[in-house]
Amino acid sequence: MSDESLTVATHTWISHSPAATFALGQQIGRLAQPGDVLALSGDLGAGKTALVQGIGAGLGIADQITSPTFTLVGEYDGRLHLFHVDVYRLVAAPAEALAFGLDDLLGADGLTVIEWANLVATLLPADRLEVQLTWLDDLTRRLVFTAHGARHAALLHDLAAEMTP
């Protein structure tokens, strides 16, 4: 008997503009289900917030989504409640993240997206979708998606099917 929680799938996209990164995020927002967790990592300016803005648009969120670097968590209402977390400024990231209740957000009935998730990797649930964003040049980014668990593998499969021309 196989353990579906161990399911791992990967897919890579090349984005040639912030608009393309936004569009990819928009499709994620359309496909997201309650309890989904997206763990974003990458250098400053790699497109993490642009991806989250697209996710918000896909969820039907009308509010402007900005990086919650100083507030730690931005919350938005759409088709699903979006918890947009940014742990970049945390000094002792795992302990401080627990102190502000990250573990409660991860079990919430919405979509949780964490920027700089590599800083709190030990707190992430087994079933999640990791996205590594890498600069290729001024406009071009590589986005490597790694799904852990059956739910996020299905999300990645559906996303790949939707984004294939």
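Here's a quick briefing on the sheet and two of the helices that go with it. Keep in mind that this is a predicted model. The sheet is open and has seven strands with mixed pairing, and helix α1 packs on it. Helix α1 also packs with helix α5, at an angle of about 130°.

**The sheet**
- Reading across, the strand order is β1-β7-β6-β2-β5-β4-β3.
- At the edges sit β1 (8–15) and β3 (73–77), each of which pairs on one side only.
- From one strand to the next, the twist averages 15°.

**The β6/β7 pair**
- Strands β6 (residues 128–135) and β7 (residues 141–148) run antiparallel and are joined by eight bridges.
- If you want a spot to start tracing the pair, Arg128 has His148 in β7 as its bridge partner.

**Helix α1 on the sheet**
- Helix α1 covers residues 18–31 and touches β1, β2 (37–42) and β7.
- The direction of α1 makes about 20° with that of β7.

**Helix α1 against helix α5**
- Helix α5 takes in residues 150–163, and its axis lies 10 Å from that of α1.
- The pair packs at about 130°, which makes α1 oblique to α5.
- The crossing of these two helices is right-handed.
- On the α1 side, the contact residues are Ala23, Leu24, Gln27, Ile28 and Leu31.
- Facing them from α5 are Arg151, Leu155, Asp158, Leu159, Glu162 and Met163.
- Sorted by class, the contact of α1 with α5 has seven nonpolar, one polar and three charged residues.

Key: Residues numbered from 1 in each chain as written. Predicted model: local features only at pLDDT ≥ 70, side-chain atom pairs only at ≥ 80, totals over all residues. Heavy atoms only, no water. Pairing = 2+ DSSP bridges. Helix = DSSP H or I, 4+ residues; strand = E, 2+ residues; numbered from the N terminus. Axes fitted to C-alpha atoms, helices over the stretch in contact; angles between N-to-C directions. Contact = heavy atoms within 4.5 Å. Parallel < 35°, antiparallel > 145°, perpendicular 65-115°, else oblique. Left-handed = near helix turned anticlockwise from the far one by under 90°. Nonpolar A, V, L, I, M, F, W, Y, C, P; charged D, E, K, R; others polar.
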